[in-house]
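This report concerns a single structural model and is intended to be read beside the sequence and coordinates.

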Amino acid sequence: MTMPTVELHLHLEGTLEPELIYALAERNGIDLPYDGIEDLRSRYSFTGLQSFLDLYYANMVVLRTEEDFADLTRAYLDRARRAGVRHAEVFLDIQAHTARGVPAAVALGGVTGVLATSEADHGITSGLIITFLRHLPAEDARTALEEVLALGFPVLGVGLCSSEVGPAAPFKDTFDLAHARGLHRVAHAGEEGPAANVREVLDVLGVERVDHGIRALEDDALVDRLVAERVPLTLCPLSNLRLQVVDSLADYPLVGMLERGLVVTVNSDDPAYFGGYVDDNVRELTRLLGLTPDQLATLARNGVEAAFVDDARRAELTAEVDAWHAAQA
Ligand SMILES: Nc1ncnc2[nH]cnc12
Ligand SMILES: [Zn+2]
């Protein structure tokens, strides 16, 4: 029995597998600057976040039509189902597409059309989080949000990602608008950047979850606050390894975080680039850290607690985790 999982930190564009990149390039008549799939895959070796982002944004060139975005979303859901994912909140970097001349309605139409039937087609409930790019001017994020709101596609929340440089504070009015319109708020912080960035997104952007947040561990008072306020951290172990945020997964501080009472969850971030989906992340940690069934159940329950779902769905997900936990005895 596969452990039922909630995935809360997943960039749809980070699920673009090399095979799909080539298939979409062919369909759209795009010449890729690589010598084939294996050459592309051989470039998936990163020295840090920026070296990854350069390739990640470049490969988005193959996403042109609503069908492309739908195929991308469907491929993720197919794989996620096999990973045991029962609920997914997925990120879309809308500005990375509009900046290339792809209308927001094309990207949103393709993604939300597939998400609308994810429960019936894949057994996964889902929601879409629009992630703004921190390396672009904050006014661009505001414009992007206004366009997304005007288009009326179903959106669950907003996030902030890309290079962790510069203050998050300029994005405050965008996050305030999102909040006023009933959207949830999350942000990447404390991935490459310091613990102070985690404080900033909590205090200034009002986020309900922190994406990554692993460097919060460098600030004891912040950890106490995250525990007291039960702020979830969406950890991404294989991502942290591949982007050299940590030196080895054998030293990944997960058990200490659980023992400290942090609401940590395990997620895949950009699985096509980092060597594994959420089940691969959990399997590697279990192998290297010797995670017990109780610890795995706590991770799964943290995901259910951290999800932006209604009480009825939370109760269903909890029952699935309880059944899995009982079967481990
Ligand atoms: N790991 C990551 N950190 C920040 N921005 C991202 N966009 C896609 N993956 C990301
Ligand atoms: Zn991420």
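The sections below treat the annotated domain, the sheet, a central strand and the ligand shell in turn.

## Model and annotated domain

The structure is a predicted model. An unreviewed UniProt entry lists residues 4–324 as "domain: Adenosine deaminase". Within that span, helix accounts for 51% and strand for 13%. The C-alpha atoms at its two ends lie 7 Å apart.

## The sheet

Eight strands form an open sheet with parallel pairing, in the order S1-S2-S3-S4-S5-S6-S7-S8. Strand S1 (5–7) and strand S8 (264–266) occupy the edges; each has a single partner strand, so one side of each is left without a neighbour in the sheet. From one strand to the next, the twist averages 25 degrees.

## Strand S4 and its burial

Is strand S4 (residues 157–161) enclosed or open to its surroundings? Of its 5 residues, 5 are buried, so the strand is largely enclosed by the rest of the structure. A residue is counted as buried here when 20 or more other C-beta atoms lie within 10 Å of its own.

The burial applies to both faces of S4. Gly157, Gly159 and Cys161 are buried on one side, while Val158 and Leu160 are buried on the other.

## Partners of S4 and the connections between them

On one flank, S4 pairs with strand S3 (residues 125–133) in the parallel sense over 5 bridges. In this pairing, isoleucine 129 stands opposite glycine 157 of S4. The chain passes from S3 to S4 by way of helix H8 (residues 138–151), and this β-α-β crossover is right-handed.

Strand S5 (residues 184–189) also runs parallel to S4, and 2 bridges join the two. Here glycine 157 stands opposite histidine 184 of S5. The β-α-β crossover from S4 to S5 proceeds through helix H9 (residues 172–180) and is likewise right-handed.

Strand S5 is in turn joined to strand S6 (residues 209–212) by 4 bridges, and these strands run parallel. Valine 186 stands opposite arginine 209 of S6.

## The shell around ligand 1

Which residues surround ligand 1? They are His11, Gly14, Leu49, Tyr56, Cys161, Ser162, His188, Glu191, Ser239, Asp269 and Asp270. By class, this shell comprises 3 nonpolar, 5 polar and 3 charged residues.

The shell connects with the strands described above. Cys161, one of the residues around ligand 1, is also one of the buried residues of S4. His188, another member of the shell, falls within strand S5 (residues 184–189).

Note on methods: Residues are numbered from 1 along each chain as its sequence is written. Chains are lettered from A and ligands numbered from 1 in the order in which they are written. This is a predicted model: local features need pLDDT of at least 70, side-chain atom pairs count only at pLDDT 80 or more; totals for chains, interfaces and linings use all residues. UniProt positions are given in the numbering used here, feature names are shortened, and annotations may be inferred rather than shown by experiment. A residue is buried if 20 or more other C-beta atoms lie within 10 Å of its own, exposed if 12 or fewer, and partly exposed in between; C-beta atoms are placed from the backbone. Two strands pair if DSSP finds at least two bridges between them. A crossover is right-handed if, with the strands pointing away from the viewer, the path from the first strand over the helix to the second runs clockwise. A residue is near a molecule or strand if its C-beta atom, placed from the backbone, lies within 6 Å of it. Ala, Val, Leu, Ile, Met, Phe, Trp, Tyr, Cys and Pro count as nonpolar, Asp, Glu, Lys and Arg as charged, and the others, Gly among them, as polar. Axes are lines fitted to C-alpha atoms, for helices over the stretch in contact, and angles run from 0 to 180 degrees between N-to-C directions.
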